[in-house]
Amino acid sequence: MEQTAPILRIEKISLQDGSGLRTVVFFKGCPLRCAWCSTPESHSATPERAYQANKCTLCGRCVQACPSGALSFSPDKGLSWDSGKCTQCLRCAAACPTGATKVYGEYQTVAQVMRHIHRDEVFYFHSGGGVTLSGGDVLCYPDFAHALLTECKESLINTAAELTMYGDYDRIRQVYPLLNTALIDLKCMDSALHQKWTGQPNDGILQNIHRAAHEFPDVDIHIRVPLIWGVNDDPASIRQTAEFSASLPHCTALEFLPYHRLGQQTYAYLDRPYPLADLPTMTLPEARDKVACLSGRDWPFPVLISKEPAFPAS
Ligand code: SF4
Ligand code: SF4
């Protein structure tokens, strides 16, 4: 049987996640639980139900369709969902006429994903773009990602992947050498803090980054750091991250991404609490102030904040 992977969505003509116009393939499933994650719908490795109350007409079809008694109406609360009873059979979404109940994720084959990619090829050619695998964590599906990237390479399509670099190095070796650019997410350098905020320590992650960077020096490395209040925004942490990046062969950019709350609504759709409800977003000037501790030194890569140079040109 042809292999499949749970694909969260495929974004067309994206200007994010690599050079030029890109097709971004988001996988579903991630071993980390970063408190600031803006895509909670990518955490679970299987398709799952979500509910958007403002689209609901309270017609009751989902309640009738549910075989588990997980859905009910009450006059005060409207539609209620009991996660303990839900088996994620997804019949409610199939029954919903308005799209208020929907499904995040769908199993797709490599051929299905490649059909989307081939439709966008003309944009890559004119913009210097290509394909980016994102997540969730691509490394949860090394065989699938290997097959997909091999097909892209055979079609001379530029490849990038956003990687946690968490887990067995053998899985990284299946994916990493097929990339033009590795977009590596580096959360913080302190392992205990990393464990506290993501659920996993970072010792293995840092070792994997170092090993892959030296074993496959032809792959460009673009380090991306979510800049989060009270987690990794102090000068010592920012400098340590930059020093680590500078120790890697062919690190072509160090980019800081100021904290935002864009995923907050999605937590509500999934009926999950938003972990950082009290944390304010970080503005560009605030991020510039923090990253200013790296100025005045000739780093072997541009230091960026959300794609823009972090320091004014001198
Ligand atoms: S996914 Fe299935 S079990 Fe869960 S609420 Fe919908 S119909 Fe009920
Ligand atoms: S089927 Fe859709 S519109 Fe009807 S009650 Fe359920 S979620 Fe609301």
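## A first look at a predicted protein model

User: Welcome me in: what percentage of the 314 residues of the protein count as buried?

Analyst: This is a predicted model, in which local features need pLDDT of at least 70, side-chain atom pairs count only at pLDDT 80 or more, and totals for chains, interfaces and linings use all residues. Residues are numbered from 1 along each chain as its sequence is written, while chains are lettered from A and ligands numbered from 1 in the order in which they are written. A residue is buried if 20 or more other C-beta atoms, placed from the backbone, lie within 10 Å of its own. Of the 314 residues, the share that counts as buried is 37%.

User: Which helix gives the largest share of the largest nonpolar core?

Analyst: A nonpolar core is a set of buried Ala, Val, Leu, Ile, Met, Phe, Trp, Tyr and Cys residues joined through C-beta atoms within 7 Å. The largest one has 65 residues, and Phe27, Val138, Ala161, Ala182 and Ile184 touch the most other members. Its largest share is 6 residues, from residues 142-154, a helix (a DSSP run of H or I, at least four residues, numbered from the N terminus): helix H5.

User: Which residues does a second, separate core include?

Analyst: Happily, this one is easy to look up in the model. The second core is separate and has 9 residues, including Cys66, Ala70, Leu71 and Cys92.

User: Which residues come nearest to ligand 1?

Analyst: Around ligand 1 there are 14 residues, each with its C-beta atom, placed from the backbone, within 6 Å of the ligand. Those that come nearest are Cys66, Ala70, Cys86, Cys89 and Cys92.

User: What does the C-alpha trace of the protein span along its principal axes?

Analyst: Finally, here is the overall extent. Along the principal axes, the C-alpha trace spans about 65 × 45 × 35 Å.

How values were computed
Buried ≥ 20, exposed ≤ 12 C-beta atoms within 10 Å, placed from the backbone. Helix = DSSP H or I, 4+ residues; strand = E, 2+ residues; numbered from the N terminus.
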